[in-house]
Structure formats: C-alpha cells, structure tokens
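Here are my notes on the two-chain model you sent over. Have the structure open while you read, since I'll be hopping between the chains.

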Amino acid sequence: MSAPAHTVSEHAGTPHGFIRRYIFSTDHKVIGIQYWFLALTAVSVGMTLSWLFRTHLAWPQFVIPGFGGPMRPEQYLSLVTMHGTIMIFFVLTVAPQSGFGNYFLPIQIGADDMAFPRLNMLSFWITFAAFLVLMSAFFVPGGAPLGGWTSYPPLSAVGQIAGPGQGLGETLWVISIAMFCLASLLTALNFISTTIEMRAPGMSLMRMPLTVWAWFVTAVLGLLAFGVLLAACILLLLDRLASTSFFVPAGLVFNDSQPPLAHAGGSPLLWEHLFWFFGHPEVYIAIVPAMGITSHVLSNFSRKPVFGYKAMAYSLCAIGFLSFTVWGHHMFVSGMSPYSALAFSFLTLAIGVPSAIKTFNWLGTLWGGKIQFTTPMLFAIGFVSFFVTGGLSGLFLAQPSLDMPLHDTYFVIAHFHIVMGLAAMFGIFAGTYYWFPKMFGRRMNEKLGKTHFWISFVGAYLTFMPMHWMGIEGALRRYAGPGGLGFLERMAPIQHFITIAAFITGAVQLLFYFNFFWSLRHGEKVGENPWHATTLEWSIPSPPPHGNFLTAPRVYRGPYEYSVPGFTEDYVPQHLKPEEVAQATT
Amino acid sequence: MRSGEGQRRSGATAVFLALFLTVFVVVTVYIFAARVFPMPPAISRVGHWIDSQYDLTLWITGIIFVMAQLGLAWMVFRYRDRGQKVHFTRGSHVLEVTWTSATLVLFLFLGAMAVHAWAHVHFNPASPNALKVDVMAEQFTWNFRYPGPDGKFAPTAPKYYNDANGNPFGINPNSKDQDDIVSPYLEVPVGQQVELRMTSKDVIHSFFVRELRLKQDVVPGMLIRVHFTPLKIGTYDIMCAQLCGMGHNRMHSTLRVVSDAEFQQWLKKQEAENQQ
C-alpha cells in the first residue's frame, strides 16, 4: 500500500529540453495541464457552435458568413451533433477527470507520479489525435455528421444515403470516439492502479480527499463503460465499412427506385443498449469529479470538516454502482420491453438517494461554518444550486409514463445541461480558480473571477430554465426550426430570450480566458498554501517540482481537519506530525 | 486574520447570493405553478392520469426545490464570515439516516404512483374491437393504412415500396387484396380505441401526439404496437420525435378525431377513390 521509498529520487531529475518537458512529457502535471488546455480548446469550439445554432433558432433568416445563405437543416443538425460530442467527450470527460485528476490525484495521495507515466502520455496523445479526427469531419465532403451525439443506427450505419454528413463525416466521428474510448480506458487503468498502489504511508482509504475518491470512482466507471462503447463503435464501423449487420435490420429502403439495402439481421436497439450502458455512467464520469471538487472546496472555505465524510465517500461509490443499472431510462419509448422500463425507473429513482445524501451533506458542511466567498467557493455553491435544480427535473424523466410526453423535448435539454453541463462546468471552474495558485504559483484575479461567476450563474439559469417550459409544451429537440408547426412558431420570443441569454453567458467566458492568461504572468504571487488548506497538494511548493515531494510524505490524519477544537490554527494539514501541530494554550 | 474590508465584501456577496437564490425560487415557482407555459389539454384518459402524476411530481419536487435552494440561501447568508467561531461538527448519523430513508420512501412512492398509466398503455393489449391502423414511417413522411372493407391487411414486401404510385407500404400488386386504404393522415372516430402497428422503412422515427401524452419510437425491423382512445373531436399534430435526418422537423402529419358518422363517411370516400 505504501509508495516505495526510492521513487522520489528516481524521478528527481527533471527532463531536459522543451519537447521532453512540455510536449512529450511523462510528468503527470504536464499531462494534466495538456488535458486542461485540450478541454479549453474544445470548449471554445463547442461554445462557438452553440452560438451559431442558437442564432439560427432565434433568427432563421440571418445569414452567418460561411454558411452560403440561411442555415440549412443539415447544417444545423451537424452543429448540434458536434456541439454535443465535443462537450460530452472532449470537455466534460477531459477536464475534470483527465485534467485535474492527472495533476492532483498523485499529489493528493502523496505519490510522485502516475503508476504508468508513459501510458499516461500515450493516453493524452491518443485523445489529442481523436480530437483532430473529429474536427476533420467539418472539412470532408458532406460535412460533419448530423446523427446527434448518440449516433443511433440505421441513420449512423448506412452511409451518405441517410443524409449529408452521414458519409465520411460520420465515419470520422466513429473513429474519433473509438480512439477516445481507448485512451480513456488506459487513463482509467492508470488512475485505479495509482490510487490502489501508490498512496503514501498513512494515507488510508478513509483519509483520502473526496476528490481522490471521486477520481477513483470515475476511473472505475470509465474502465467499465468505455470498453463497451469501444466495442459498439467497432461494430458500427464494421456495419459502415464492411457491410456487416450488427445494427441494421433487413429490408431498409431509402430510395424507392433502389432495391432494399443488402443488410439483414441487425438490431438498432442493440446499439441503444450498448451506447447507454456507456452513456449513463458517462454522465457520472462528467459530474462525479465535480462533486469531489465541490466537497473539497466547500470544506476549505467553510472552515469546517466535510459533513459526513464517510457517507460522502460511500455515496460516491453507490452512485457509481447504480449508474450501471439505469441506462434503460434513456430508452423508455424506444420499443424495449415495457416491463424492464419499470425496473429501470425504480433504480433511477433510487439513484436520487445517494444524490440527496450529497446535497444534504453539502448544506451540512456550510451549516455552522465561517464562509469565505472566494471565487472557487462561489462556483462550488453554484454547483450545489445547479445540482439540485437539474437533479429534481430528473425525477420527472425517471418515470416512464411522464417520459412519454417529455422524452426528446427541451425539458430533457434543460435537465441534462443544468445537472451535467453547468454543474460539471462549475466544478471545473471551481477547480481552476482553486488550484491555479498551486499549478502556476500565482492567484487568479478575484474581481474578474467574481464577475465571471455572477454573470455565468445568472445567465446560465436564464438560458436553461425557459427550456423546461418549452419542453412541457412539447417543443422537440434537434428541430432545425418550427417546421410549420404553429405552437413552435409561437415560441419565437422565448427562443430570442434564450439566445440572447446564451450570448451574454458565453461572452463573459472571454473574461475567464483573459483572467487565466493575464494571471499566468501578472497574478498575485502565492506561497505553498494560500487557502490555508489541509491536503497534501498544499504542503509542497507552487508550482510543484518534478517528482512533487522534496521529502517522501507521510500522512497523520484525515483530509478535512478544519477548526478542530484545541489547536491554534483553524486547519491541521494532513502531513504534519502530531508534535508539529501547535496546540491552543487555553 | 481577515481584514474588516474583506469581511464587508464577504457580507455583500453573501447577501446578493442569498437574494438571487430567493428571487430565482420565487420566479421559478410562479412560472411552474401558474402554468405560464401549459401542456395542451389532454384528450384521453391516460393523458389525464399522466397529468395528475405530473402534478404530484411537481408538488414533491417543488417542495424539495424550495427547501434546498432557500436552505442554501440561508446557509450562505447566516454563516458568512463575520469573524464568528465555527460550530465544529463532523456530521450526524441520526440526521443522515433520517433523510436517506425519507428520500428513499418518497422517491419509490413517486415511482409506484407512475406505474398505473404506463401499465395501461403498455401491459394491456388493445381490445379485439380496436380500430387497427398500420403506420409506416419514412424520411420524412408518415403513412397510415386501414384494412378496407374486407377487414384484412394486404400482404406487403419492401421490394414493392413505391411512394410515387401511392404504395408506401409496399402492398403486393399481385395480391387479390387491393382494398386497403392508405392515407397521409390519421383519421379516427372519437371514443373508439385505436391500435397502431408501427414500423419504419429506413431509420428510427418516433410517433408523438402531445394531446395523447403519447410518444413511441418507430424502429425499422420491429413491429411496435400502441393503443389509445381519443375522447375529444379535433385535429392534433403528429410529430416525429426521434432525429431521423435533415427533414426531421418537417416530418409531421395530423391526427383527425371525428364523429363516428363522419369517420364512416370518410372510409366510404376512400374506398370509392380506391376503386377508380
């Protein structure tokens, strides 16, 4: 269980040369930052795409340069498809898990690097290549795929005949996602091995920061989920390129003058099962690390231990386990057995229980505290608010009978954007503002940070709350326009409102970019422990040296010893020997 | 160690945050409760059941929403840093066990209440007297087929699909049974149970009528049955709810619920057109 004593000296030599240090580096910290910048690039693209399609929804006749006239439905659908794919995979999976997890998991458990540093580097570069492959889909004949981020066959399986973008563009999508799965699988193995094998002496499981619990549970989810999607992608690729029929049934006709397609025996529902067996754990892969960050930050700035630490750790495990039993709630109206729908419904409602424990305990952590409203704290509080709002709309969708009117409407869009997109994004922001001083030795500007928080928080609610109401009225997602339906045409004012709110919320992100790059050079310089925090990352220099720890660390207590009665300071770091901690004299 | 200045700023942030959360809760509750954006009125018994389940869920989630958001607002306001002493605690097993069991019971109760409507639609087969209509979905059209005077559906095969000749179902032209009625919209008599038998020619589509509170994917290679009983005369939009390609948002048709007499007339007219 303990890190071998020689590891510190083994990694002590910093690699020389720019390429070995910053490009093809095996240092988990460099790799973490590389993932973080990949996510930043991806989120910039993803957000720009959302601006484009939101413009179209509000002002369908507006001509966006480069679109050759008002946006066509297939262009709209490509933008939506790529937005979802980029955000889910290359932002929400990459930043909180591969980014922060890579940087801080080894440090927080007292290790000098990941268990398999070269594998770690390989994972990053495969992910990077996967992103390039996905982006290239914009530039091939037919353009980017239009089948949605869920890529249901036969639409995704039969090629260009199903629509523009379903040719080479869709093939590139499948290849990109398969590569992403492979890389994530390797990352998961690395995270799991590191957590199990490389903890410093004294770092028992119940002394791990909740961030480490979160990354560990997420890695287990990744290990089990990405393997399934990888298999599904390979089968889909075979259906597309080798005329197999895993997902394509017999007798499909797209053009009456042509004979039926030469496929037989496949099942579109098989893809849905495989995809959602991955897809539901995936939403937890996106949000569980943010849960860990939120617990970590709330405790730090309430100056209190996490309320019910053990319950928080166990509930992460429960959420992880249950997340593999609920995928069918995405398929209530798919044509699968209506009896299994009930099982999926009750299991889905049951996952509300560990989620409720977390929410209660976050409130419990704030209760009786001495709350410091730093920027990371504001984002963590925003996370809790989003998690409550978005989680509760899930109770509607968990019931098959209510899912019938609500499935595939804007209500669903509102639900998952708030609970997964915004909450996870706020977790990423909380983590960035919180750990920036550790990663770069300087603090981000608090004034800009708070402005960023306020406009993002209010703007995000203004953008996504109205979508609930559109969905209740029956507005369907993935509609390039009202299509001549009167009740959708009457929603034009609300579409304008959402688009304007989205523009403002999006624009304020530029402030974050500015703050980030400005603070790299001009931020206030900080020492080892600017937040007066307890966990191991705050016991080493900012930024940490290669190999992380100057002397092999040892852990003496739990991760959230804030305001413990009997001590002079209101925090007791994990690494301090009992005799080094100043006792209060009174 | 914090300066008085720092505490004042902390105070302002806390007040604003608590205020915003409160305003957010009030506005949200108002918009949901006043039904500013209502579902269109339901036209079937199942539709009404689903609506009352929606109301129950709205109440339960609404109460939790208000309590949690205002609780958050209160914590933020009450425990802002004013230089006070922290109330040290690591948690409370009693509280944790209480709220865990309460949530479990509440959520499972909600799930149990929702079973009824679902079971009615999906566990019970349609009555033998139901009006049977075949549905063929394709990019980007809905087609409906009635068995005609003989009460039997004619045999079909994909190789005979021919939209241009009015044969989207691929009825075998060599079959003796040529009296099926094919229609681009769904005409049904009020008060009569209707059973749809749905499939698709190409990709997955989804049959959605808001007023029936009914959505069902239409999957190629599968024959999926659903039934409903419309209780109100009128015309209602049939939409495609599953992304099916570039024309997805234009793939709609109409459900026309008419009196029984009007329906019989309509059938006769269609039969007459068939014979021309």
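The points below go through chain A, then the contact between the chains, then chain B.

1. First, a caveat: this is a predicted model, so please read everything here as computed from a prediction.

2. Chain A is a helical affair, with 17 helices and 0 strands. Its radius of gyration is 24 Å, close to the 25 Å that the globule rule gives for 586 residues, so chain A is as compact as a globular protein of that length. Along the principal axes, its C-alpha atoms fill a box of roughly 90 × 50 × 45 Å.

3. How much of chain A is buried? Of its 586 residues, 63% count as buried. Looking at contacts in chain A with a separation of 6 or more, 80% come from residues 24 or more positions apart.

4. If you want one helix to look at in chain A, try α5, residues 117-136. At 1.5 Å a residue, its 20 residues should span 28 Å, and the end C-alpha atoms are 29 Å apart, which agrees. The buried residues of α5(A) are A:N120, A:M121, A:S123, A:F124, A:T127, A:A130, A:F131 and A:L134. And what covers them? The cover includes α3 (28-58), α4 (73-109) and α6 (168-197) of chain A.

5. Now the contact between the chains: 91 residues of chain A are in contact with 86 residues of chain B. On the chain A side, at least two residues each come from α4, α8 (268-302), α9 (309-322), α10 (338-366), α11 (375-397), α12 (400-406) and α14 (446-473). Which helix gives the largest share of that side? That would be α10(A), with 15 residues. By type, the residues of chain A that touch chain B divide into 58 nonpolar, 25 polar and 8 charged.

6. Over in chain B, have a look at the open sheet of 5 strands, which has the order β3-β2-β1-β5-β8 and mixed pairing. The edge strands are β3 (181-183) and β8 (224-228) of chain B, each pairing on one side only. From one strand to the next, the twist averages 25°.

7. Within that sheet, β1 (residues 131-138) and β2 of chain B are joined by 5 bridges and run antiparallel. The two form a hairpin, with 2 residues between them. To find the pairing on screen, look for B:V135, which stands opposite B:F144 in β2(B).

8. On its other pairing, β2 (residues 141-146) of chain B is joined to β3(B) by 3 bridges, again antiparallel. Here B:R145 stands opposite B:V182 in β3(B). Is β2(B) mostly covered or mostly open? Mostly covered: 5 of its 6 residues are buried.

9. One last residue to check is B:K176, which lies in the loop between β2 and β3 of chain B. Buried or exposed, would you say, for B:K176? B:K176 is exposed, because there are just 9 other C-beta atoms within 10 Å, and a residue counts as exposed at 12 or fewer. For a sense of scale, the C-alpha atoms of B:K176 and B:V26 are separated by 67 Å, and these two residues sit 150 apart along the chain.

Note on methods. Residues numbered from 1 in each chain as written. Chains lettered and ligands numbered in written order. Predicted model: local features only at pLDDT ≥ 70, side-chain atom pairs only at ≥ 80, totals over all residues. Helix = DSSP H or I, 4+ residues; strand = E, 2+ residues; numbered from the N terminus. Expected span 1.5 Å × (residues − 1). Buried ≥ 20, exposed ≤ 12 C-beta atoms within 10 Å, placed from the backbone. Contact = placed C-beta atoms within 7 Å. Nonpolar A, V, L, I, M, F, W, Y, C, P; charged D, E, K, R; others polar. Pairing = 2+ DSSP bridges. Axes fitted to C-alpha atoms, helices over the stretch in contact; angles between N-to-C directions. Rg over C-alpha atoms; globule rule 2.2 N^0.38 Å.
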